[in-house]
Amino acid sequence: MTSSETATGGEDGAQTIARIAKPRPRDAATLILLDRSTGCPRVLLGKRSSRHVFMPDTYVFPGGRRDRQDHALPFASDLHPAVMAKLSAERRAGTNRSARALALAAVRELQEETGLPLGETIGGRLHARLDSLRYIARAITPPGYPRRFDTRFFTTFADEAGIVPELVCDTAELHDLRWHGLDALDDLDMPWITRTVIGDLGGLMHADAGLPFGSPVPFYRSSGRQHLRTYL
């Protein structure tokens, strides 16, 4: 055994180090809540704790990793056909059940991180309402981060989803949870992708304030040092 093999465990060790240095993206989902009750659209953002390994002390949308349990979560209404078709066509989602699990993860994370339920509580369990969710972006965390995610961004209007904007409250996951005007975000420390998706969302709303379900979905990923943007 050579000295290099002793240090890395040979080829298997090198592959392990490569996986640690460049972790595989994990499926995740986030939910962008919009409030249009004041006449000027507002978006819900909260600040991540400094204890978080991934993007600490930044303002983000509620969201997180898709868990295995999300495939079995109950739902009161399903995704719009155009949204389901777009998600199911992706290689990493692949089936209606897997596509739905992404949306269910977004709704679950919303409730865990903001206290806002998007759905009906039956027998002590939330049955998610998925029919108002639009699929507006997908992004893969660039290499170099300690954790990487393949995130699908959903959005809906609070009034369509039956959510009362005033009921939002801080949680252990997100604090300083507030509604922000889409044109009043310059002072917030946000990840590049969060600010980019908000810009995309503003453009969609400018074209059609009702946010159509079948709009093209921008897909952000990296190749080398370049940020790439294509459409799904």
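Here is a chat about how some labels on this predicted model come about.

Me: Why is alanine 139 called buried?
Reply: Look at its relative accessible area, which is 8%. Buried means under 20%, and 8% falls under that, so alanine 139 earns the label.

Me: OK, and what is alanine 139 in contact with, leaving aside its neighbours within four places in sequence?
Reply: Quite a list: Phe149, Asp150, Thr151, Phe153, Ile193, Phe219 and Tyr220. To count, heavy atoms have to be within 4.5 Å. Take phenylalanine 219: it sits 80 residues apart from alanine 139 along the chain, yet their C-alpha atoms are separated by 5.6 Å. As for where alanine 139 belongs, that's strand 8, residues 134–140.

Me: What makes threonine 30 buried rather than exposed?
Reply: Same kind of check. Threonine 30 has a relative accessible area of 6%. The buried label needs a value under 20%, so threonine 30 gets it. This residue lies in strand 1 (residues 26–35). Leaving aside neighbours within four places in sequence, its contacts include Phe61, Pro62, Gly63 and Ala106. Thr151 and Phe153 are also among them.

Me: Why is cysteine 40 called partly exposed?
Reply: Its relative accessibility is 37%. Buried stops under 20% and exposed starts over 50%, with partly exposed in between. Since 37% lands in between, cysteine 40 is partly exposed. Cysteine 169 has 39%, so it is partly exposed as well.

Me: How many disulfides are there, and how do you know?
Reply: The search covers the whole structure and finds 0. To count, a pair of cysteine sulfur atoms must be within 2.5 Å, so a result of 0 means that no pair passed that cut-off.

Me: On to the sheet with strands 5, 7 and 6. What makes strand 5 and strand 6 edge strands?
Reply: The sheet is open, with 3 strands in the order 5-7-6 and mixed pairing. Strand 5 (75–77) and strand 6 (119–122) each pair on one side only, and that's what puts them at the edge. On average, neighbouring strands here are turned by 30° against each other, direction ignored.

Me: How do you know that strand 5 and strand 7 pair?
Reply: Count the bridges: there are 2, in the parallel sense. Pairing takes at least two bridges, so strand 5 and strand 7 (residues 125–129) qualify. Phenylalanine 75 stands opposite alanine 128 in strand 7. Helix 4 (residues 96–114) packs on this sheet, touching strand 5 and strand 7, and its direction makes about 125° with that of strand 7.

Terms used. Residues are numbered from 1 along each chain as its sequence is written. This is a predicted model: local features need pLDDT of at least 70, side-chain atom pairs count only at pLDDT 80 or more; totals for chains, interfaces and linings use all residues. Side-chain values use heavy atoms; hydrogens and water are left out. Buried means under 20% relative accessible area, exposed over 50%, partly exposed in between (1.4 Å probe, protein chains only). Helices (H or I, at least four residues) and strands (E, at least two) are DSSP runs, numbered from the N terminus. Axes are lines fitted to C-alpha atoms, for helices over the stretch in contact, and angles run from 0 to 180 degrees between N-to-C directions.
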